[in-house]
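Student: Before we discuss this protein, please put the sequence and the model on the screen.
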Amino acid sequence: MSEKSHYGLLKGKKGIVFGPLDESSIGWQIALNAYREGAQIAISNIATAIRFGNLQELADACGNAPVLVCDASKNEDVDACFKELKEKFGPVDFIVHSIGMSQNIRKQVPYEDLNYEWFMRTLDVSGISFHRLVAYALKNEVINDGGSIVALSYIASQRNYWTYSDMGDAKSLLESIARSFGPRLAKRGIRINTISQSPTYTKAGSGIAGFEKMYDYGELMSPLGNATAEECAEYTMTILSDLTRKVTMQNLFHDGGYSSVGATIPMIKLAYEVLHDKELAKRVDLDEFYPSR
Ligand SMILES: NC(=O)c1ccc[n+]([C@@H]2O[C@H](COP(=O)([O-])OP(=O)(O)OC[C@H]3O[C@@H](n4cnc5c(N)ncnc54)[C@H](O)[C@@H]3O)[C@@H](O)[C@H]2O)c1
């Protein structure tokens, strides 16, 4: 157990986290923090991730948490997963979707040339799977009244980030699904939100072309700096807890202030210095990107 304070925010609650892979994963940190906040936890991932990741280590650290195999893009898997969860735990109080994948990004396909089969897969695995989790949780009566459902998102759902490619489209869909489900779940006091996290060094994150540049840019543009996976998990605890019972249908930025910033002094200083240094300026060829200006 770390030296950090824990508050018993999830004492008496049960939940499942989809998507932990290794210690760097946001889902890993969420599962660990939920356990430390007093929850009984199950974790889930696809079979290959369970085989090649170290989920058993996480399961052990979370009080022998059940590890459920589930491909979130398959109806039958999700259905079976919730049936198994119900058998083991009964209905749960929270569900966390921490899943993302794009073959187009992995293979660095330009957005203009997207492979549409992969594009559909990106939307299915990274967006529609959120709908599937909620739908099958409801069908199997596995989510309690007053529960909380959360998915992880990124600001590229709303603003253009060149190399985030079709994942930006998947994140728009993900956030929209949260809004569409909101009023339907509200009848039972269930909340549904997305948390929009800073760039974070994880398996999925670092697969994006130029990720380290996006990370450094985020650092320069966030008054509080980029948020880590662990900090994201800590924030998520409040959203899963009873302290946020009236927060629903929101896309909640957890990004050190990045999303509200127009410019920061360090960023302006850097840009100014680069653009007025003849040698450095040659390396930033504006004409390459904006030839029509
Ligand atoms: N890393 C970042 O910079 C960042 C920033 C904002 C949001 N996010 C989001 O956080 C979430 C977690 O990603 P991460 O960064 O922790 O990376 P990660 O690689 O640790 O987690 C992604 C997980 O998705 C799982 N997955 C892929 N296909 C699946 C499927 N068909 N069914 C079930 N699971 C599947 C993977 O096995 C993996 O465990 C994703 O939604 C990601 O888009 C990440």
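Student: What pLDDT does the protein average?
Tutor: This is a predicted model, in which local features need pLDDT of at least 70, side-chain atom pairs count only at pLDDT 80 or more, and totals for chains, interfaces and linings use all residues. Residues are numbered from 1 along each chain as its sequence is written. pLDDT is the predictor's confidence in each residue, from 0 to 100; the protein averages 95, and 99% of the residues score at least 70.

Student: Where is confidence lowest, and where highest?
Tutor: Helix α13 (residues 286-289) has the lowest confidence, with a mean of 80, and strand β6 (residues 191-197) the highest, at 99. Helices (H or I, at least four residues) and strands (E, at least two) are DSSP runs, numbered from the N terminus.

Student: What makes a residue count as near the ligand?
Tutor: Its C-beta atom, placed from the backbone, must lie within 6 Å of the molecule. There are 27 residues around the ligand, and L21, S25, G100, A204 and G205 come nearest.

Student: Which element gives the most to the shell around the ligand?
Tutor: That is α8, with 3 residues. Elements supplying at least two residues each are α1 (26-36), β5 (143-153) and α8 (203-206).

Student: How many domains is the protein divided into, and what are their bounds?
Tutor: An automatic or database domain assignment sets the bounds, giving domain 1 (14-262) and domain 2 (264-293). Their C-alpha centres lie 36 Å apart. Residues are in contact if their C-beta atoms, placed from the backbone, lie within 7 Å; the contact takes 4 residues from domain 1 and 4 residues from domain 2.

Terms used
Two residues are in contact if their C-beta atoms, placed from the backbone, lie within 7 Å.
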